Amino acid sequence: MSDTDEYGRTALNAAVDGTIVAVRRMFYVLGDEIDRTEGPIEFTFHNGSTLLLDAGVDGAELRIGGAPWRDPFEPLVDPVNIEYVANSGKYTAFDVTDESPYDELAGRRVDAVSIVPLADGRPRAATLYLGTGMVKAESIADELIVTLISA
């Protein structure tokens, strides 16, 4: 994210008053194994807008964006990429809207948002407040850890 958007804060603030209609998580897939412990999270709202939260490349910053996640390996046609994915795996998007605990988010309105900044002002964590519940996304050591607090 660039400084011109205050590290994605515009996209985060745009989520306020939005109603969540879909949730995707990007989990790391290697062969038949799926690591569901961390990975980017994407919200789609009733008006078609998107909020994407992901760990930054430096392992500390939370990246915030307003565009849907795009798989950098798609289409998977380059032989080098095919071999890399077969040996090392890659993030893959999963619609988790109807899966627990994400199924509690659909239909919920974002009442407010907050950011926990790093010392230099870049975001480290963001929270979406959904009535008495919340979703917190935090960049920790190159991973995005998402915590859901039910209402």
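Author: Ala, Val, Leu, Ile, Met, Phe, Trp, Tyr, Cys and Pro count as nonpolar, Asp, Glu, Lys and Arg as charged, and the others, Gly among them, as polar. By these classes, the lining of the largest cavity has six nonpolar, two polar and two charged residues. The model is predicted, with pLDDT of at least 70 required for local features and 80 or more for side-chain atom pairs, while totals for chains, interfaces and linings use all residues. Residues are numbered from 1 along each chain as its sequence is written, and side-chain values use heavy atoms, without hydrogens and water.

Reader: What makes a space a cavity, and which residues line the largest cavity?

Author: On a 1 Å grid over the protein atoms alone, a cavity is a set of points where a 1.4 Å probe fits but cannot get out, and lining residues have an atom within 4 Å of a point. One cavity of 30 Å³ or more is counted, and the largest holds about 40 Å³, the space filled by probe spheres set on grid points joined across faces, edges and corners. Pro101, Glu104, Leu105, Arg108, Leu130, Gly133, Met134, Leu148, Ile149 and Ser150 line the largest cavity, and E9 and E10 each supply at least two of its lining residues.

Reader: What makes a space a pocket, and which residues lie nearest the centre of the largest pocket?

Author: A pocket is an open set of points with protein on both sides within 12 Å along at least five of seven lines. The largest pocket has a volume of about 310 Å³, and of its 19 lining residues, Pro40, Asp54, Ala55, Trp69 and Tyr91 lie nearest its centre. Its lining divides into 10 nonpolar, three polar and six charged residues.

Reader: Why are strand E9 and E10 said to pair?

Author: Strands are DSSP runs of E with at least two residues, helices are runs of H or I with at least four, and two strands pair if there are at least two bridges between them. Strand E9 (residues 133-140) and E10 are joined in the antiparallel sense by seven bridges, so the requirement of at least two is met. One of the bridge partners in E10 is Ile145, opposite Glu138.

Reader: Why is the protein called as compact as a globular protein of its length?

Author: The protein has two helices and 10 strands. Its radius of gyration, taken over C-alpha atoms, is 16 Å, close to the 15 Å that the globule rule (2.2 Å times the number of residues to the power 0.38) gives for 151 residues, so the protein is as compact as a globular protein of that length.
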